[in-house]
Structures are given as structure tokens and as C-alpha cells.
Amino acid sequence: NSVITVSGSWLATGTGDFISGTSTVRFDGTSGSYNMVASGSFFNFIINGTGALYTATGGTFDINGNITLSAGTFTASSGTTTVSGSWTKGANATFNHNSGSLTLDGTDQTISGSTVFYNLSKTVTLAQTLTFSATAQTSVSGALSLNGADTSNRLSIRSSQAGAQSK
């Protein structure tokens with residue numbers, strides 16, 4: 001598993017696609033504004049650029065692993081961002097939903113860190129769990145859609161701490 005470090009914009013244009021495999025792409029610019037135009041999917045995706053503003057452009061943004069927002073600002077695409085792993089937002093990071101949708105399409109997933117989403121959805125066909133941090137507030141200002149398949153294949157909503165409600 002390799003780590004690709006980007007200190008500027010990610011402009012995947014032209015006729016080819018980025019094939020991430022199981023690599024992590026880490027954006028670590030320390031100041032300035034940078035655009036991200038994805039062609040293909042990311043696997044693990046990290047924003048760790050204190051003072052930097054990263055903006056996803058285009059209709060869709062696909063992350064087949066985890067997204068970690070550690071430092072800096074990430075503005076999502078106004079379309080749909082799809083995440084197959086966990087969502088983690090640290091205290092030194094800012095997330096702007098840009099009126100876009102976040103679709104969780106992985107198996108058991110976790111959302112950590114105080115975050116306001118515009119639209120948030122997860123639909124399952126087999127029994128799965130969506131875990132929210134007990135110490136951080138998750139809000140949805142648009143539509144929240146959480147769906148299990150049937151009584152045998154439910155989507156369970158859990159707190160990260162037994163006996164404590166998520167905020």
C-alpha cells in the first residue's frame with residue numbers, strides 16, 4: 001500500500017483514469033486553494049493541509065476506502081460523494097457540504113467527528129451497522145435516508161460507546 005502525497009491540485013483530465021488500488025492519497029498543502037477533479041476512484045483519502053482549501057469539482061467523487069479530514073478545509077462536490085469506508089473529521093478540519101450528497105456504500109461503517117452533511121444516505125441489502133461517534137455531533141441539513149432491506153437484513157444504528165447516545 002503506497003501513499004501518494006499531493007501538495008497542490010489534483011487535475012485528472014484527459015482520456016485516462018486514475019487506478020488507486022489500495023493506495024492512500026494525502027493532500028497536505030499548507031496554504032492556498034486547490035481543485036480536485038477526479039477521474040477514477042480514490043481508495044483512502046486524506047486532507048491534512050493546515051490553511052489549505054481543497055474543493056472537489058465535477059458531479060461525482062468516489063472513495064473506495066476511508067476518508068480522513070485532519071487539517072484544512074474540504075469542500076465536497078455539489079453532486080454525490082460515495083464512501084465505502086469510515087468517515088473521520090478531526091477538530092482541526094472543516095467540511096463544507098456544498099449542498100451535495102454523501103452516500104455510504106460499504107459494509108459496517110463509522111462516522112466520527114462533528115460534521116454537517118447536506119444529504120446523507122445508506123441503503124443495505126444485508127444486515128449492517130452504521131456507527132456514530134458518541135463524542136461528536138453529526139447533523140443533516142437536507143435529506144437523511146437510512147434503509148435496511150427487511151426485518152432480517154436491517155441497518156443497525158449504533159453509538160461508538162456502549163450505553164451512551166450519539167449526539
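Which strand holds T73? In this predicted model, T73 belongs to strand β9, which spans residues 67–75. The relative accessible area of T73 is 17%, and because the cut-off for burial is under 20%, the residue counts as buried. Burial extends to much of the strand: 7 of the 9 residues of β9 are buried, so the strand is largely enclosed by the rest of the structure.

Strand β9 pairs with β7 and with β11. With β7, which covers residues 44–57, the pairing is parallel and comprises 7 bridges. One of the bridge pairs links Y54 to F74 in β9. Strand β11 also runs parallel to β9, and the two are joined by 8 bridges. Here T73 takes part directly, with T94 of β11 as its bridge partner. In general, strands of a sheet pair through backbone hydrogen bonds, in either a parallel or an antiparallel sense.

The surroundings of T73 can be described further. When neighbours within four places in sequence are set aside, T73 is in contact with A52, L53, Y54, T94 and N96. Y54 is the residue whose bridge partner in β9 is F74, and T94 is the bridge partner of T73 itself. A separation of 8.2 Å was computed between the C-alpha atoms of T73 and T55, two residues that lie 18 residues apart along the chain.

Strand β11 comprises residues 87–96 and includes K89. K89 is buried but forms no salt bridge. The nearest side chain of opposite charge belongs to D28, at a distance of 19 Å. The K89 side chain instead reaches backbone oxygens: that of A93 at 3.0 Å and that of S114 at 3.3 Å. Apart from neighbours within four places in sequence, the residues in contact with K89 are L69, F95, S112, G113, S114 and T115. S114 thus appears both in this contact set and as the residue whose backbone oxygen is reached by the K89 side chain.

The loop between β11 and β12 contains two residues with positive phi values. N98, located in this loop, has phi near 55°, a positive value in a residue other than glycine. S99 lies in the loop between β11 and β12 as well, and its phi is near 60°, again positive in a non-glycine residue. As for accessibility, N98 is partly exposed, with a relative accessible area of 35%. S99 is likewise partly exposed, at 44%.

Strand β12, with residues 101–104, follows this loop and is part of an open sheet of 5 strands. The order of the sheet is β8-β10-β12-β15-β18, and the pairing is parallel. Strands β8 (60–63) and β18 (144–147) stand at the edges; each has a single partner strand, so one side of each is left without a neighbour in the sheet. On average, neighbouring strands of this sheet are turned by 15° against each other, direction ignored. At the β18 edge, 4 bridges connect that strand to β15 (residues 119–123), and the two run parallel. Among the residues paired there, K122 has L146 of β18 as its bridge partner.

How values were computed: Residues are numbered from 1 along each chain as its sequence is written. This is a predicted model: local features need pLDDT of at least 70, side-chain atom pairs count only at pLDDT 80 or more; totals for chains, interfaces and linings use all residues. Side-chain values use heavy atoms; hydrogens and water are left out. Buried means under 20% relative accessible area, exposed over 50%, partly exposed in between (1.4 Å probe, protein chains only). Lys and Arg count as positive and Asp and Glu as negative; His and the chain ends are not counted. A salt bridge is a side-chain nitrogen of Lys or Arg within 4 Å of a carboxyl oxygen of Asp or Glu. A polar contact is a pair of N or O atoms within 3.5 Å; within protein, one must be able to donate a hydrogen and the other to accept it, and residues adjacent in sequence count only if both atoms are side-chain atoms. Contact means heavy atoms within 4.5 Å. Two strands pair if DSSP finds at least two bridges between them. Axes are lines fitted to C-alpha atoms, for helices over the stretch in contact, and angles run from 0 to 180 degrees between N-to-C directions.
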